[in-house]
Amino acid sequence: MACLLETPIRMSVLSEVTASSRHYVDRLFDPDPQKVLQGVIDMKNAVIGNNKQKANLIVLGAVPRLLYLLQQETSSTELKTECAVVLGSLAMGTENNVKSLLDCHIIPALLQGLLSPDLKFIEACLRCLRTIFTSPVTPEELLYTDATVIPHLMALLSRSRYTQEYICQIFSHCCKGPDHQTILFNHGAVQNIAHLLTSVSYKVRMQALKCFSVLAFENPQVSMTLVNVLVDGELLPQIFVKMLQRDKPIEMQLTSAKCLTYMCRAGAIRTDDNCIVLKTLPCLVRMCSKERLLEERVEGAETLAYLIEPDVELQRIASITDHLIAMLADYFKYPSSVSAITDIKRLDHDLKHAHELRQAAFKLYASLGANDEDIRKKIIDTENMMDRIVTGLSESSVKVRLAAVRCLHSLSRSVQQLRTSFQDHAVWKPLMKVLQNAPDEILVVASSMLCNLLLEFSPSKEPILESGAVELLCGLTQSENPALRVNGIWALMNMAFQAEQKIKADILRSLSTEQLFRLLSDSDLNVLMKTLGLLRNLLSTRPHIDKIMSTHGKQIMQAVTLILEGEHNIEVKEQTLCILANIADGTTAKELIMTNDDILQKIKYYMGHSHVKLQLAAMFCISNLVWNEEEGSQERQDKLRDMGIVDILHKLSQSPDSNLCDKAKTALQQYLA
């Protein structure tokens, strides 16, 4: 019987809850405008801080009615304003509430409300728009759908400190990417917002600052403009520097540091400018200290990583500021161990930020170690660092995994570390695991790092080969992502360098000649160059050259011909001629050149080319073909003499380029010997 009673009880509870909310909605339909106004005011008081009540009113259809009243010409301004306030309160509930409001087309209604002459109503509409646009479920594009909206918002900036605060907040949340930056910039965002940095209201100053940080990010046009903007006789960068002083609120210090960082990265401020070296960088290092909140430490480390990423000198300065490298090791100590039950909230907070902290630390370590060998050593010598990075490679969070791989990639640029720490921790094992099944963004960095681990002097090269790397890399060369194709072929190129015949045969078998020729006609120049590099490494040492050319000679000669005839740059042609020079160094392989008149004519043509690099590469081919200590040299020399090669050699022996001159003289001596 209990089971039968359960449903009616639930229904009655639900209808009771709904009934308690229904009268609020019913009053919105009262014919007396005064009662409707009072109903909206009562509804406003009922929903403040009450998410359950908000959800009930939405379910009962309050939103369409409130929007109707907000847009009715017959509604009093006071009623319209109260409707906007209630809608704003509903939007402050859950994300589902915001979705419901968006489904009712709240944004066009509120934007229409901004055309009203009444300031209080405008402020209420803006406050509600601010709440909706700052929700993660609202598409930013909705702000840009109507081209008249942005200029109107710019015009409203002068109305009050509230319009300034809300509009700047809307802009900073809805400015995502260069298209949005351009729209705001073209409508005078810089000029209209700059003077707000000196507002008496902290909130206005803060929102204006946030606006500039999103406008300047990766945008040279905006950044170059900001450098020269004057506010009350002071340049903007000077105002930003004042805002990152220690006596200012942390939020303001951080955002000012971001503005200066973005302007610096966009090329508007030099990296050796005092405002960067003496102000921005130390401020961001301060943000990484234990005294700061976890979220501030994350933001500080990520911004600092971005600031110093391309600049060696800034990396060196940061590495010796406030023991930063040791300070970052602290980022891995969360969640801290908790014993008392009262610390549950703290544990929850720590857990939430633990991933972000590790990600930020890895990012900053990657930037710090990008160029300097001593800094890399300091990072690796930090307590358990290699273990932490290796653990990071298998974390559940994609962002942490990506940051860990980036950090490892940065450290793998060190010959010393490849030979020591990377070997001691068998880094290649987790890396190979990462490469088996990962999103493209991780694959690109991981495969790039694998290129370093496959360098000839790396002790990891052998075990990587034994663990099936050839198939994995050949698979990457078939990716639609050009960066993965480049890395796949690059790693194979490193693998083939001074490799045994067996490895070279494995590469050719796994790659297949069809795929090799697809890569030689790839539209991406980097892919083509690395494929030529692979071919050059495969065709080195005589027995290997002869073996490979005996099985793949016809196709390789065909590919060489196509490239030399094609519209390619000097570097591509030079690499191709160097491959020919390697073939010419083979014992039997050189006959594939000597019996191919088309190729011989091309070598002759490049000997007389206007570019010295190509002349030199063609000369290597000739030198290898005429070398008189090898069998059949006399016949080859005679054939080349008949083609006019000796005349060209005499001419080149007078070349102002000493390299070319020496090579020509050496080749001529082979005829005289």
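# Exercises on a predicted protein model

The buried residues of helix H30 are covered by elements that include helix H27 (428-436), H28, helix H29 (461-466), helix H31 (482-496) and helix H32 (501-511). The structure is a predicted model, and the exercises below begin with this helix.

## Exercise 1

Determine how many of the eight residues of helix H30 are buried, and identify them.

**Solution.**

Step 1. Locate the helix: H30 spans residues 469-476.

Step 2. Apply the cut-off, by which buried means under 20% relative accessible area.

Step 3. List the residues that meet the cut-off: Ala 469, Val 470, Leu 472, Leu 473, Cys 474 and Leu 476.

Step 4. Draw the conclusion. Six of the eight residues are buried, so H30 is largely enclosed by the rest of the structure.

## Exercise 2

Decide whether Gln 575 is buried or exposed, and state which residues it touches.

**Solution.**

Step 1. Place the residue: Gln 575 belongs to helix H36 (residues 570-584).

Step 2. Compare its accessibility with the cut-off. Gln 575 counts as buried because its relative accessibility is 16%, and buried means under 20%.

Step 3. Find its neighbours. When residues up to four places away in sequence are not counted, Gln 575 touches Met 529, Leu 532, Gly 533 and Arg 536.

Step 4. Look for a polar contact. The side chains of Gln 575 and Arg 536 form one, at 3.1 Å.

## Exercise 3

State the bounds of the two domains and how many residues each gives to their contact.

**Solution.**

Step 1. Read the bounds: domain 1 covers 414-538 and domain 2 covers 564-672.

Step 2. Consider the separation. The centres of domain 1 and domain 2, taken over C-alpha atoms, are 32 Å apart.

Step 3. Count the residues in the contact: seven come from domain 1 and nine from domain 2.

## Exercise 4

Describe the position and exposure of Gln 498 and of Ser 512.

**Solution.**

Step 1. Examine the backbone angles. Gln 498 has a positive phi of about 50° although it is not a glycine. Ser 512, also a residue other than glycine, has a positive phi near 75°.

Step 2. Place the residues. Gln 498 lies in the loop between H31 and H32, and Ser 512 lies in the loop between H32 and helix H33 (513-520).

Step 3. Classify their exposure. Gln 498 counts as exposed because its relative accessibility is 58%, and the cut-off for exposed is over 50%. Ser 512, at 23%, counts as partly exposed.

## Exercise 5

Describe the volume and lining of the largest pocket and of the second largest pocket.

**Solution.**

Step 1. Begin with the largest pocket, whose volume is about 1300 Å³. Its lining consists of 46 residues, and Phe 217, Tyr 262, Glu 302, Tyr 306 and Lys 363 lie nearest its centre. Among the elements that give two or more residues to this lining are helix H10 (161-174), helix H16 (250-265), helix H18 (294-308) and helix H21 (344-368).

Step 2. Sort the lining of the largest pocket by character: 16 residues are nonpolar, 16 polar and 14 charged.

Step 3. Turn to the second largest pocket, which holds about 300 Å³ of space. It is lined by 17 residues, with Ile 107, Pro 108, Leu 111, Asp 146 and Val 149 nearest its centre. Helix H7 (106-113) and helix H9 (149-156) each give two or more residues to this lining, and the largest share, five residues, comes from H7.

Step 4. Sort the lining of the second largest pocket in the same manner: 11 residues are nonpolar, five polar and one charged.

Methods:
Residues are numbered from 1 along each chain as its sequence is written. This is a predicted model: local features need pLDDT of at least 70, side-chain atom pairs count only at pLDDT 80 or more; totals for chains, interfaces and linings use all residues. Side-chain values use heavy atoms; hydrogens and water are left out. On a 1 Å grid over the protein atoms alone, a cavity is a set of points where a 1.4 Å probe fits but cannot get out, and a pocket is an open set with protein on both sides within 12 Å along at least five of seven lines; lining residues have an atom within 4 Å of a point. Grid points are joined across faces, edges and corners, and a volume is the space filled by probe spheres set on the points. Helices (H or I, at least four residues) and strands (E, at least two) are DSSP runs, numbered from the N terminus. Ala, Val, Leu, Ile, Met, Phe, Trp, Tyr, Cys and Pro count as nonpolar, Asp, Glu, Lys and Arg as charged, and the others, Gly among them, as polar. Buried means under 20% relative accessible area, exposed over 50%, partly exposed in between (1.4 Å probe, protein chains only). A polar contact is a pair of N or O atoms within 3.5 Å; within protein, one must be able to donate a hydrogen and the other to accept it, and residues adjacent in sequence count only if both atoms are side-chain atoms. Contact means heavy atoms within 4.5 Å. Domain bounds come from an automatic or database domain assignment.
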